[in-house]
Amino acid sequence: MSAEFFQRVIVPVANEDDARATTSALRPYVAGSDCTIIAVHVIEKAGGAPDKASVEQRKLVARDIFAAVRERFADTGVTLETELRYGTDIASTLIEAAHELDASAIVFTPRGGSRWQKLLAGDVTHNLINESDIPILALPDREVSDA
């Protein structure tokens, strides 16, 4: 793939498992390159309804997620940044971050979930693909593919 595509990449990470899956899938494309990876975790705000957990609890979770990303990219030579965002719509928040951070692409591995879960909770992958004007790359989950 083009080096320009991976020049400055937004990598959404929802949880530690997602961070491990996405970094495993992305490593072969960026290891040893002059690339900047920006791991972005979005703390979803309820928009007036009670939040699922306190902001402090969710910041602690984000810290662990970012630690997993750092661990996976430690020996690759890429520049790694982390970004914590807040928003009521995860896809829109990620796209906004990509614009503000001058990203060349948004790269992720789609997370599982039934059609009902996606219908009820919203499908971030679908919304990213349909709403983004920044290139999107959905990588296969290497851990699932290798199994």
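## A tour from the helix pair to the sheet

Start by selecting helix 3 and helix 5, whose crossing is right-handed. Keep in mind along the way that you are looking at a predicted model.

To find the pair, highlight residues 90–100 for helix 3 and residues 124–131 for helix 5. Their axes lie 8 Å apart and meet at an angle of about 45°. Angles from 65 to 115 degrees would count as roughly perpendicular and those under 35 as roughly parallel, so helix 3 is oblique to helix 5.

Now show side chains at the contact. From helix 3, pick I90, A91, S92, L94 and I95; from helix 5, add V124, N127, L128 and E131. Colour them by class, and you will see 6 nonpolar, 2 polar and 1 charged residues.

Next, hide the helices and bring up the strands. In what order do the 5 strands of the open sheet run? The order is 3-2-1-4-5, and the pairing is parallel. Click on strand 3 (79–87) and strand 5 (136–138): each has a single partner strand, so these two stand at the edges with one side lacking a neighbour in the sheet. Turn the view to look along the sheet, where the twist from one strand to the next averages 25°.

Stay with strand 3 and add strand 2, residues 36–44. These two pair in the parallel sense over 9 bridges. For a landmark, label H41, which stands opposite L84 of strand 3.

Last stop: bring back helix 2, residues 55–73. Helix 2 lies across strand 2 and strand 3, and runs at about 155° to strand 3.

Key:
Residues numbered from 1 in each chain as written. Predicted model: local features only at pLDDT ≥ 70, side-chain atom pairs only at ≥ 80, totals over all residues. Heavy atoms only, no water. Pairing = 2+ DSSP bridges. Helix = DSSP H or I, 4+ residues; strand = E, 2+ residues; numbered from the N terminus. Axes fitted to C-alpha atoms, helices over the stretch in contact; angles between N-to-C directions. Contact = heavy atoms within 4.5 Å. Parallel < 35°, antiparallel > 145°, perpendicular 65-115°, else oblique. Left-handed = near helix turned anticlockwise from the far one by under 90°. Nonpolar A, V, L, I, M, F, W, Y, C, P; charged D, E, K, R; others polar.
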